[in-house]
Amino acid sequence: MERVVNFSAGPSALPLEVLERAQSELINTRTSGMSIMEMSHRSKIFEGILQEAKTRLRSLMNIPDSYQILFLQGGASLQFSMIPLNLLQKDHQAAYIMTGSWSKKAYDEAKKVGQATIVASSEDDKFRSVPDLSSLKLPENTAYLHITGNNTIEGTRISSLPNIGDIPIINDLSSSILSEEIDVSSYGVIYAGAQKNLGPSGVTIVIIREDLIGHAPKSTPTMLNYETHSKADSLYNTPPTFGIYMINLVLEWIESLGGVKEMEKRNRHKAGLLYDAIDQSNLFKSPVNKADRSLMNIPFTTGNDELDKAFVKFAADRELLELKGHRSVGGMRASIYNAMPVQGVQRLVDAMNEFEKTHAV
Ligand code: PLP
């Protein structure tokens with residue numbers, strides 16, 4: 001069977017090897033005689049898989065022992081609420097860096113919980129860049145600083161952190177976790193929905209420094225309190241067992257290729273191929289400031305809606321799918337997460353060159 005090249009921003013392509021492995025084990029997982037989906041979350045086999053996934057993630061990301069790894073539900077969107085519910089004390093305020101639609105949503109949720117302030121924004125630049133954070137000043141009584149490490153819709157990334165002393169930085173890494181090496185100890189919390197670089201939708205990973213757990217007000221609903229999930233080792237209620245099983249397979253796949261360092265090398269190469277094609281083209285343009293370009297989500301446009309539509313169709317005819325840009329930005333967007341092979345990007349570049357020959361303005 002031919003597989004298409006899937007540039008979806010999320011849920012996104014998964015490594016073929018992982019899908020094939022899951023397929024081969026689907027009705028009889030680990031010789032249990034049943035599918036992982038049919039198995040109790042309290043069974044030895046599932047608990048083993050959960051621990052394996054945690055151990056693998058800890059090792060791949062070099063997560064210090066002073067951090068806990070939680071497997072939660074509700075998507076990254078629920079973290080927009082859980083972060084302030086757990087970390088924003090009365091008489092304090094939460095600081096937000098505004099770099100696009102997702103950081104805006106995170107900020108809007110924080111305002112429902114307490115006081116939140118935008119401390120830097122690139123909205124005036126239509127989010128085509130990220131703000132310079134080198135001399136960022138935070139208000140007194142700042143509980144935490146929230147950033148969106150990779151802006152999925154706008155195609156930008158934050159590549160250097162501000163120096164803000166002991167104030168914890170909370171990073172939404174939904175669209176770039178495990179795509180490049182990072183220093184986990186620079187953050188108070190890292191969170192990510194699984195459906196781009198980690199596995200299927202339905203699982204949210206939260207990596208949280210232990211001293212930030214246990215400060216939610218008593219009135220916080222049980223399921224929204226990090227302490228609940230930390231004490232129960234992510235088994236307070238029925239977790240998304242199949243999703244966690246798939247994440248474990250994806251992590252094993254990353255390990256087998258050489259870890260995050262190798263992922264970063266491949267991702268830089270893939271992104272370089274596509275950015276070079278865009279920058280050398282007389283037809284396609286990148287709307288994003290060069291220094292702030294994402295390695296994962298690459299928007300581009302011809303500047304003409306009809307031509308953009310024609311290119312999306314031209315690409316789809318060549319089995320290059322899901323290239324239509326986000327409805328708020330338009331144009332095209334290629335999401336090239338870890339599972340995207342370099343050949344997929346090369347096929348896109350070839351299609352762009354071919355299209356340009358026949359449609360140059
Ligand atoms: N944050 C970022 C950066 C995203 O890209 C997304 C989804 O695309 C979200 C948050 C929302 O994630 P979820 O759909 O898991 O709630």
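Start in the middle: select Tyr 96, Val 189, Ile 205, Ile 247, Val 250, Leu 274 and Ile 336, which touch the most other members of the 95-residue largest nonpolar core. Such a core is a set of buried Ala, Val, Leu, Ile, Met, Phe, Trp, Tyr and Cys residues joined through C-beta atoms within 7 Å. Buried means that 20 or more other C-beta atoms lie within 10 Å of a residue's own; 12 or fewer makes it exposed, anything in between partly exposed, and the C-beta atoms are placed from the backbone. Now pick helix H6 (residues 241–257), which supplies the largest share of this core, nine residues. At least three core residues come from each of domain 1 (16–256) and domain 2 (259–359), with bounds from an automatic or database domain assignment.

Before moving on, note that this is a predicted model: local features need pLDDT of at least 70, side-chain atom pairs count only at pLDDT 80 or more, and totals for chains, interfaces and linings use all residues. Residues are numbered from 1 along each chain as its sequence is written.

**Strand S9 and its partners**

Next, select strand S9, residues 189–193, where five of five residues are buried. (Helices, H or I with at least four residues, and strands, E with at least two, are DSSP runs numbered from the N terminus.) Val 189, Tyr 191 and Gly 193 point one way from S9, while Ile 190 and Ala 192 point the other way. Add strand S8 (residues 169–172), which runs parallel to S9 and is joined to it by three bridges; two strands pair if DSSP finds at least two bridges between them. Look for Asn 171 opposite Ile 190. Then add strand S10 (residues 204–209), antiparallel to S9 and joined to it by five bridges. Here Ile 205 is the bridge partner of Ala 192.

**The loop after S9**

Which residue does UniProt list as "modified residue: N6-(pyridoxal phosphate)lysine"? Lys 196, in an unreviewed entry. UniProt positions use the numbering here, feature names are shortened, and annotations may be inferred rather than shown by experiment. Find Lys 196 in the loop between S9 and S10. Lys 196 counts as buried because 30 other C-beta atoms lie within 10 Å.

**Around the ligand**

Now show the ligand and the residues around it: Gly 10, Gly 75, Ala 76, Ser 77, Trp 102, Thr 148, Thr 152, Asp 172, Ser 174, Ser 175 and Gly 193. Each has its C-beta atom, placed from the backbone, within 6 Å of the ligand. Helix H3 (residues 75–87) gives the most to this shell, three residues.

**Odd spots in the backbone**

Go to Gly 10 again, this time with Pro 11: a cis peptide bond joins them, with omega about -10°. Most peptide bonds are trans, and most residues other than glycine have a negative phi. Asn 141 has a positive phi, near 60°, and is in the loop between strands S4 (115–121) and S5 (142–148). With 10 other C-beta atoms within 10 Å, Asn 141 is exposed. Glu 319 also has a positive phi, about 65°; find Glu 319 in the loop between helix H8 (305–316) and strand S12.

**Last stops**

Select Arg 42, covered by a UniProt "binding site" annotation from an unreviewed entry. Is Arg 42 buried or exposed? Exposed, because Arg 42 has 9 C-beta neighbours inside 10 Å. Finish at Lys 324, in the loop between strands S12 (320–321) and S13 (332–335). Its C-alpha atom is 32 Å from that of Met 82.
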